[in-house]
Amino acid sequence: MDYLPIFLAVKGEPCLLVGGSQAAEPKVRLLLRAGARLVVVATELTPGLRELTREAGVTWRRRAFRDADLDGVRLVVIAVEDEARAHAVAMAARERSIPVNAVDRKPLCSFILPSILDRSPLVAAVSTGGAAPILARILRTRLETLIPARFGRLARFLGETRPEVVERISDSTQRRRFLEGVVDGPIGEQVLAGREAEARAGLAAALAEHESAEAAGEVYLVGAGPGDPDLLTFRALRLMQKADIVVYDRLVSNAVLDLTRRDAERIYAGKQPGHHAIPQPQINDLLARLALDGKRVLRLKGGDPFIFGRGGEEIETLAALGVPFQVVPGITAASGCAAYAGIPLTHRDHAQSCIFVTGRHKIEEETLDWDSLVRPHQTVVIYMGLAGLEAICDGLLRHGLPPETPAALIEQGTTAAQVVHTGTVGTLASSIEGKGVRAPTLAIVGEVVRLQDKLAWYHPRRSSESAFASRTPG
């Protein structure tokens, strides 16, 4: 994030515009709408700016800029054509720690003005950090269609009734839940329809009912998919924004985790070979305890929670204790990573069945049903098999799979850091040595891998950073 999004109160505050070019007109209109007390310093103004200076509170100093013009100023906008003059004004403002915006000169800016959707007091701002203003304007236009003008009325209603809600509901978590119900329920609809008297009566009834009700907790068992946040379901996103506490795994990508509520408590419960941040039985008990305490708990798991995710064990505990829960399936790594790698798991000419196995168990313990894995016309997908890849390939060869059978290892699938390593069962393990392959990975064995060169459609921007942060307990 190149800029910190922030809303600045400038109502009644002195703000300075240096220069009178046409590019300054949108900035001036915006400052006036925000109630700024504007001073313009310029020898000449465009006709549009001349008209704006007739607005109440606008002062035009018809001369060149002087350092004294910065006295008492809250922020500065520079709209001059001369580069040297713009630089001098910007440096003078920065020396006084005054925020400065220079039109079309991003290096001189300490703040930028976003594209704004105004539903006062509700305001939405979209910015590309100056990289693509046209994109910000397009996104704002789309928001115009999604956020009706009456949302401003709803924002005012919530602001007017907030003191009463705060007085009646002192606990911040319970208050947030109550207000979510107001916005998403009949009361919010009544406000948007202009029936505010009915809405106020409904709010009073809801507050009375809330005071007599006990706080109810719940667990949301949500599949986070293989990494790309665009693969989340709408339901997953909705529940991710409702949860008070997030209990997440190592295989949840940073981009997905960023979509949870910023003020939600986060508890890392990831597992790595030889190290579990929280043992599974304790995770089961933790989810139940938090929900019984009245919390809405998001159990966020990479892929799908019911495919090698131990989600079944977790909700068994919840069900036994009578804890309410919901399960939201996610796109499992097999389908997501294979699709982004251009490897169909089944194909009429190559594979009529597909089998999923996990490589986490020790291969020497013979925990895999090898005979079922070496059948012809079948695709084998191996989850969590990076550490044991060589042993798995050796086992497949020992049990009769031809060494020339195509195989692939997909690293950090569906993310910007995705890499697909291809070879054969006989060569794949040795071919990735020294390449610094980073988990999570998914191995695919079968004739369908031959199609990868032809069908690969996703061309990620190879990132120097993992999409999955190295996390430690805590």
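The exercises below, each with a worked solution, concern a predicted model.

**Exercise 1. The open sheet**

Determine in what order the 5 strands of the open sheet are arranged, and which strands lie at its edges.

Solution. Begin with the order, which reads 15-16-19-17-18, with mixed pairing. Next, look for strands that pair on one side only: these are strand 15, covering 353-358, and strand 18, covering 419-424, and they are the edge strands. From one strand to the next, the twist averages 20°. Then examine the pairing of strand 15 with strand 16 (residues 378-383), where the two strands run parallel and are joined by 6 bridges. Within this pairing, Ile-355 stands opposite Val-380 of strand 16.

**Exercise 2. A helix on the sheet**

Identify which strands helix 13 touches, and state what angle its direction makes with that of strand 19.

Solution. Helix 13, made of residues 333-341, packs on the sheet and touches strand 15, strand 16, strand 17 (406-411), strand 18 and strand 19 (441-445). For the angle, compare the direction of helix 13 with that of strand 19, which gives about 75°.

**Exercise 3. Three salt bridges and their exposure**

A search of the whole structure finds 26 salt bridges; for those of Glu-25, Glu-51 and Asp-69, find the partner and the distance, and then classify the residues as buried, partly exposed or exposed.

Solution. Step one takes Glu-25, whose partner is Arg-29, with 3.4 Å between the closest N and O atoms. The two residues are 4 residues apart in helix 1 (residues 25-33), and therefore Glu-25 and Arg-29 are separated by about one helical turn. This fits the general rule that an α-helix has 3.6 residues a turn, so residues three or four places apart point the same way. Since buried means under 20% relative accessible area, Glu-25 at 11% is buried, whereas Arg-29 at 40% is partly exposed.

Step two takes Glu-51, which forms a salt bridge with Arg-54, the closest N and O atoms lying 2.8 Å apart. Glu-51 has a relative accessible area of 49% and is partly exposed, while Arg-54, at 61%, counts as exposed.

Step three takes Asp-69, paired with Arg-63 at 2.7 Å between the closest N and O atoms. Asp-69 is buried at 5% relative accessibility, and Arg-63, at 22%, is partly exposed.

**Exercise 4. Helix 6 and its surroundings**

Check whether the end-to-end distance of helix 6 agrees or disagrees with what its 13 residues should span, and describe its N-terminal cap, its buried residues and what covers them.

Solution. Helix 6 comprises residues 172-184, and at 1.5 Å a residue it should span 18 Å; the end C-alpha atoms are 18 Å apart, so the two values agree. At the N-terminal end, Asp-171 acts as the cap, with a side-chain oxygen 3.2 Å from the backbone nitrogen of Thr-173. The buried residues of helix 6 are Thr-173, Gln-174, Arg-175, Arg-176, Arg-177, Phe-178 and Val-182. Their cover includes helix 5 (151-168), helix 7 (186-192), helix 8 (196-212), helix 9 (234-242) and strand 13 (296-301). Finally, Arg-176 and Arg-177 belong to a network of salt bridges that also links Glu-180, Asp-244, Arg-261, Asp-263 and Arg-296.

**Exercise 5. The setting of Gln-452**

Establish in which helix Gln-452 lies, and which residues Gln-452 touches beyond four places away in sequence.

Solution. Gln-452 lies in helix 17, residues 452-455, and is buried at 10% relative accessibility. With residues up to four places away in sequence left out, Gln-452 touches Ala-341, Gly-342, Ile-343, Val-420 and Thr-422.

Notes
Residues numbered from 1 in each chain as written. Predicted model: local features only at pLDDT ≥ 70, side-chain atom pairs only at ≥ 80, totals over all residues. Heavy atoms only, no water. Pairing = 2+ DSSP bridges. Axes fitted to C-alpha atoms, helices over the stretch in contact; angles between N-to-C directions. Contact = heavy atoms within 4.5 Å. Salt bridge = Lys/Arg side-chain N within 4 Å of Asp/Glu carboxyl O. Buried < 20%, exposed > 50% of the residue type's maximum accessible area, 1.4 Å probe, protein only. Expected span 1.5 Å × (residues − 1). Polar contact = N/O pair within 3.5 Å; in protein donor to acceptor, adjacent residues only side chain to side chain.
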